[in-house]
Amino acid sequence: MKNIVLIGMPGAGKSTIGVLLAKSMLMDFVDTDLMIQKKCGDSLCGIISSQGIDEFLKIENDVICENEFENCVIATGGSAVYGKEAMEKLRADGIIVYLKLSASELERRIDNIHTRGIAMKEGTTISALCDERAPLYEKYADITVECEGLTPEQCIEAIAEEIER
């Protein structure tokens, strides 16, 4: 079984859905944000604050490229799609699933935008970040799941159905 790689905006449910999907598919679960925090000994917010967005994106790309994943559901950070090498590696060994939500739903879900550790320039809105990243998510996705109005369980069902095709 190839890895299943979840991409999408912060708040799309990658970690929540990833854990449940891994359980249902009898796979391991990996969260690349947690891997970054462990490597750096700091929160995502702390890394971005102390080292800047560009360095954070480099660390994110490197962490993904340095690790081997086998039979895993991988929840990536929302900014992983900026790392071309990381995305090529993930694509070579997995099926990439874009969890798509509207900007308004993401804004509703993300109440801790300043402490969450989102790689975005100051003053950028969730809507603008969505517009910036959407073409990258679409470029790398093998499967796109419209998650608007779906429960995590319904998203998992949709992912499993698409993978079986």
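**View A. Pairing of strand 2 with strand 3 in the predicted model.** Strand 2 (residues 28–31) and strand 3 run parallel to one another and are joined by four bridges. In this pairing, Asp-31 has Ala-75 of strand 3 as its bridge partner. Helix 2 lies across both strand 2 and strand 3, and its direction makes an angle of about 60° with strand 2.

**View B. Strand 3 and its pairing with strand 1.** Three bridges connect strand 1 (residues 3–7) to strand 3 in the parallel sense. Val-5 stands opposite Ile-74 of strand 3, and Leu-6 stands opposite Ala-75 of strand 3. Strand 3 (residues 72–75) is covered on both faces. Cys-72 and Ile-74 are buried on one side, and Val-73 and Ala-75 are buried on the other.

**View C. The five-stranded open sheet.** The strands are arranged in the order 2-3-1-4-5, with parallel pairing. Strand 2 and strand 5 form the edges, each pairing on one side only. From one strand to the next, the twist averages 20°. In general, the strands of a sheet pair through backbone hydrogen bonds, in either a parallel or an antiparallel sense.

**View D. The edge formed by strand 5.** Strand 4 (residues 94–100) and strand 5 run parallel and are joined by four bridges. The bridge partner of Lys-100 in strand 5 is Glu-146. The two faces of strand 5 (residues 143–146) are unlike in their covering: Ile-143 and Val-145 make up the covered face, whereas Thr-144 and Glu-146 make up the uncovered one. Glu-146 thus appears twice in this view, as the partner of Lys-100 and as a residue of the uncovered face. Helix 8 lies across strand 1, strand 4 and strand 5, and runs at about 155° to strand 5.

**View E. Packing of helix 1 against helix 8.** The axes of helix 1 (residues 14–25) and helix 8 (residues 152–164) are 10 Å apart and form an angle of about 55°. Because of this angle, helix 1 is oblique to helix 8. The crossing of the two helices is right-handed. Helix 1 contributes Thr-16, Ile-17, Leu-20, Leu-21 and Ser-24 to the contact, and helix 8 contributes Pro-152, Glu-153, Cys-155, Ile-156 and Ile-159. By residue class, the contact of helix 1 with helix 8 comprises seven nonpolar, two polar and one charged.

**View F. Packing of helix 3 against helix 4.** Helix 3 (residues 44–51) and helix 4 (residues 53–66) pack with their axes 7 Å apart, at an angle of about 130°. The two helices are therefore oblique to each other. Leu-44, Ile-47, Ile-48 and Gln-51 of helix 3 meet Ile-53, Glu-55, Phe-56 and Ile-59 of helix 4. The residues of this contact are six nonpolar, one polar and one charged.

**View G. Surroundings of Asp-33.** Asp-33 belongs to helix 2 (residues 32–40). Leaving aside residues up to four places away in sequence, Asp-33 touches Leu-44, Glu-60 and Gly-77. Of these, Leu-44 is also one of the helix 3 residues that meet helix 4. The C-alpha atoms of Asp-33 and Ser-15 are separated by 9.5 Å, the two residues being 18 residues apart along the chain.

Notes:
Residues are numbered from 1 along each chain as its sequence is written. This is a predicted model: local features need pLDDT of at least 70, side-chain atom pairs count only at pLDDT 80 or more; totals for chains, interfaces and linings use all residues. Side-chain values use heavy atoms; hydrogens and water are left out. Axes are lines fitted to C-alpha atoms, for helices over the stretch in contact, and angles run from 0 to 180 degrees between N-to-C directions. Angles under 35 degrees count as roughly parallel, over 145 as roughly antiparallel, 65 to 115 as roughly perpendicular and the rest as oblique. A crossing is left-handed if the near helix is turned anticlockwise from the far one by less than a right angle, and right-handed if clockwise. Contact means heavy atoms within 4.5 Å. Ala, Val, Leu, Ile, Met, Phe, Trp, Tyr, Cys and Pro count as nonpolar, Asp, Glu, Lys and Arg as charged, and the others, Gly among them, as polar. Buried means under 20% relative accessible area, exposed over 50%, partly exposed in between (1.4 Å probe, protein chains only). Two strands pair if DSSP finds at least two bridges between them.
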